[in-house]
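Welcome, and please open your viewer before reading on. We will go from one selection to the next.

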Amino acid sequence: MGQNATGIARPKAESQVLDALAGRPVVLVGMMGAGKTTVGRRMANRLGLPFTDSDAEIETAAGMSIPDIFAAHGEPEFRAGEARVISRLLREHQGVIATGGGAFINPETREAIKSNALSIWIKADFDLLFARVSKRPGRPLLQTADPRGTLQGLIDSRYPVYGLADITVLSRDVPHDVVVNDILAAISDHFATPKAQ
């Protein structure tokens, strides 16, 4: 068993994951409602690593909420700011980073993540996502006449890109710690499997 920053013994699985990461950040990607922030916070806690959410960092940098950024400046300006914030986090942060749903879609951001971090797609099906996002109104991209159709369109366009992440883990209607366990196992498998040349 390894030890975390508090000197408490850490289970073998967590120690193996930390050794494999060797200081590289873990970046969680996927749709709004997939559970990136909640799962990421719990995963960081398990590993004894810092956690940050890129959306929260964007709001801090801009001094306004994401819906307000969209309303005042539009999506292109938001995406430009998002790319700058994630680039900074990749340089400065050695923990777990949860990103907004559109971050990995940006080719430059995706390349930066792929080059500097381990990317994990938390994949969820439409029904689970819609049930979750319906509980939290104010998602800028879903402020349309047909939020269900809009969400399905985002899934159709984004899932092939999310599929480029290093690892894919399914989000299900289970306790978040179950998904954390799945991620830790997937990271161990990812580094244990010899890569094809």
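Two strands count as paired here if DSSP finds at least two bridges between them. Helices (H or I, at least four residues) and strands (E, at least two) are DSSP runs, numbered from the N terminus. What you have open is a predicted model, in which local features need pLDDT of at least 70 and side-chain atom pairs count only at pLDDT 80 or more, while totals for chains, interfaces and linings use all residues. Residues are numbered from 1 along each chain as its sequence is written, and side-chain values use heavy atoms, with hydrogens and water left out.

**The whole protein**

Start with everything shown: the protein has eight helices and seven strands. Of its 197 residues, 44% are buried, meaning under 20% relative accessible area, with exposed being over 50% and partly exposed in between (1.4 Å probe, protein chains only). Contact means heavy atoms within 4.5 Å; among contacts with a separation of 6 or more, 72% join residues 24 or more positions apart.

**Strand β6 and its neighbours**

Now select residues 118-123, strand β6, where five of the six residues are buried. Add residues 26-29, strand β3, which pairs with β6 in the parallel sense over four bridges. Zoom in on Val27, whose bridge partner in β6 is Ser119. Next add β7, residues 167-170, which runs parallel to β6 and is joined to β6 by four bridges. There, Val169 stands opposite Ile122.

**Helix α2**

Move on to residues 36-47. Why does the length of α2 agree with expectation? At 1.5 Å a residue, its twelve residues should span 16 Å, and the end C-alpha atoms are 16 Å apart; the expected span is 1.5 Å times one less than the number of residues. Colour Lys36, Val39, Gly40, Met43, Ala44 and Leu47, the buried residues of α2. Seen down the axis, these fall within an arc of 135°, so they line one face of the helix; the arc is that of the directions from the helix axis to the C-beta atoms. Just after α2 comes Gly48, with a positive phi near 70°.

**The largest nonpolar core**

A nonpolar core is a set of buried Ala, Val, Leu, Ile, Met, Phe, Trp, Tyr and Cys residues joined through side-chain atoms within 4.5 Å. The largest one has 53 residues, and those touching the most other members include Met31, Met43 and Ile120. Helix α4 (residues 66-92) gives this core its largest share, eight residues. Finish at Met31: leaving aside residues up to four places away in sequence, its contacts include Lys36, Leu129, Leu151 and Tyr162.
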